[in-house]
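Thanks for making the time this morning. I would like to take you through one structure, and I will try to keep to what it can support.

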Amino acid sequence: MNRIAEGVALRNAIALEQAEGLTEALGLVLGEPSSLPLSTRLYHALREWIRAGRLTSGQRLPSTRQLARDLGLGRNTLLAAFDQLQAEGFLTTRQGAGTFIADLPFPQAQDVAEDVAISSRLPSDAGPLLSTRGTVLLGYSHARQTTSSAFAPGVPALDRFPHDQWQRLLHRYQQRMPMDWLDYQAQGGVPALREVLADYLQLSRSVRCRPEQILIVQGAQQGFELIVRLLTDSGDEVWLEEPGYHGAQACFAAAGLKMTPVAVDAEGMGVVEPACPGSPRLIYVTPSHQYPSGVTMSLTRRLALLEAAERHGAWIVEDDYDSEFRYGQRPIAALQGLVEDSRVIYVGTFSKVMYPGLRLGYLVLPDGLIEPFRRANARLHREGQYAVQAALAEFIARGHFSRHIRRMRDCYCRRQALLRKALAPAVSRGLRLSDGQAGMHLVAWLDAPEQERILVEQARREGISLSPLSSYYLASPGQPGLVLGYAGTAEAEIGRAGQWLAQAWCDLGKG
């Protein structure tokens, strides 16, 4: 009898502890701000706890009278929640015994904890969470450090952008937006923007184009995806620069293309066979300012590239991402304008000359591709931001765009000089830097992969973003080095981070 009494007492104590814990948990839920009725909030909380295994099958719940008294609620509020849970099969009642959690196939609390522990030990390829294409794409999608702007490549000087001027234009077009801009569009972009872009590209980049050849897209990356979808099939070959741009590599890899890296030297991408075996469908190139090495493709190589595209029936994708920023000389003419009717798709972006959040870019398409690309873009991505496009058209037409580029060219030239000054102690001891005649970054060439690894790790602890040059190579091992963005870094930060890097590099040499 004593054992029976002890068992009953133990069960009563456990039930009391569970009831007190449930009451306290429900009190916390009801204490959170919400516009939902109290009964609905109680219902959602209990339902989720049953599904998660926090309330287990067969567990007895406190009576609605007791809960109402402990929570300071009317009993009808509790009855409404309990009745709904019982109607859905989450609760069951036993005559004279009370209300219990139904026998359901949800995991118990300890099972949930065990599943979490087990899943944390599983290898990353344990399950088919992503498609093969998605897994490949994720391998190119690295989280960007946000601790410091120092040396992050590809970031413009956002602190020097004429925000007030731009906002006035944008506000005006948003206020007087024509009604038809609210509808679906398939024009290829606001006509005024395509017209001023055609004039700008002909004058500044020697691009051969008419306004109707320009397709406005939501950034260069979307342009790459359109090109891949419309002009390639899985397994087709693409030639691309080695080292090269991560964004293009990610797009081609995710599309299932066979990527053939073609080495870049002092004259740019080497395209003379037999150095490039195979028959490509696409050839991706950054001829005006190769990314990331910074070299400019020679005229001999450009003509060889055009000839190779004709011979193979391939399309050249010319990515002209930051050609506006050249120091001491005029911008290099685009590859697209060298010959008439070339097999070149010219890709431009406003992310570097305006700001990345604008999310606008453009394609200059050969005549035969204009209509298919326009229709496909309208189908896959829709067209939008017409007020933004119209504001940008006026920003360009009024000369604000050209003036902003000139100011940024002076700013970046000055910031590059500050970076070189900060790195001078290391350069005097043998650190090699790229010539920096154009663009928004420098490359520091290193002698060994271990140097690159140590410097990147040390910089991370200092809150400095160092981009390893070897990561831009498809073939392994890549040339060790550092890609040092300076355009978006304040002058004081350039000095601090540059001095740190110079000292860290010199300390490695001592070791």
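Ser206, which sits just after helix 8, takes a positive phi of about 55 degrees, and I should say at once that this is a predicted model. Helix 8 itself covers residues 191–205, and its 15 residues reach 20 Å from the first C-alpha to the last, which is close to the 21 Å expected at 1.5 Å a residue. Its buried residues are Leu193, Arg194, Val196, Leu197, Ala198, Tyr200, Leu201 and Arg205, and you will notice that two arginines are on that list. What covers these buried residues includes strands 4, 10 and 11, together with helices 12, 13 and 14.

Helix 13, residues 386–397, comes up again in the largest nonpolar core, where it supplies the largest share, nine residues. That core has 71 residues, and those touching the most other members are Trp166, Phe350, Met354, Leu392, Tyr412 and Leu466. If we take Leu466 and leave aside its neighbours within four places in sequence, we find it in contact with Phe151, Leu455, Val456, Ala459, Leu482, Leu484, Trp500 and Leu501. Apart from this core lies another, of 26 residues, including Ala220, Leu282, Val317 and Phe373.

Finally, the cysteines: how many disulfides does the structure hold? The number is zero. As for two individual cysteines, Cys209 is buried, because its relative accessible area of 9% falls under the 20% cut-off, and Cys506, at 7% relative accessibility, likewise counts as buried.

Technical notes. Residues are numbered from 1 along each chain as its sequence is written. This is a predicted model: local features need pLDDT of at least 70, side-chain atom pairs count only at pLDDT 80 or more; totals for chains, interfaces and linings use all residues. Side-chain values use heavy atoms; hydrogens and water are left out. A nonpolar core is a set of buried Ala, Val, Leu, Ile, Met, Phe, Trp, Tyr and Cys residues joined through side-chain atoms within 4.5 Å. Buried means under 20% relative accessible area, exposed over 50%, partly exposed in between (1.4 Å probe, protein chains only). Helices (H or I, at least four residues) and strands (E, at least two) are DSSP runs, numbered from the N terminus. Contact means heavy atoms within 4.5 Å. The expected span of a helix is 1.5 Å times one less than its number of residues. A disulfide is a pair of cysteine sulfur atoms within 2.5 Å.
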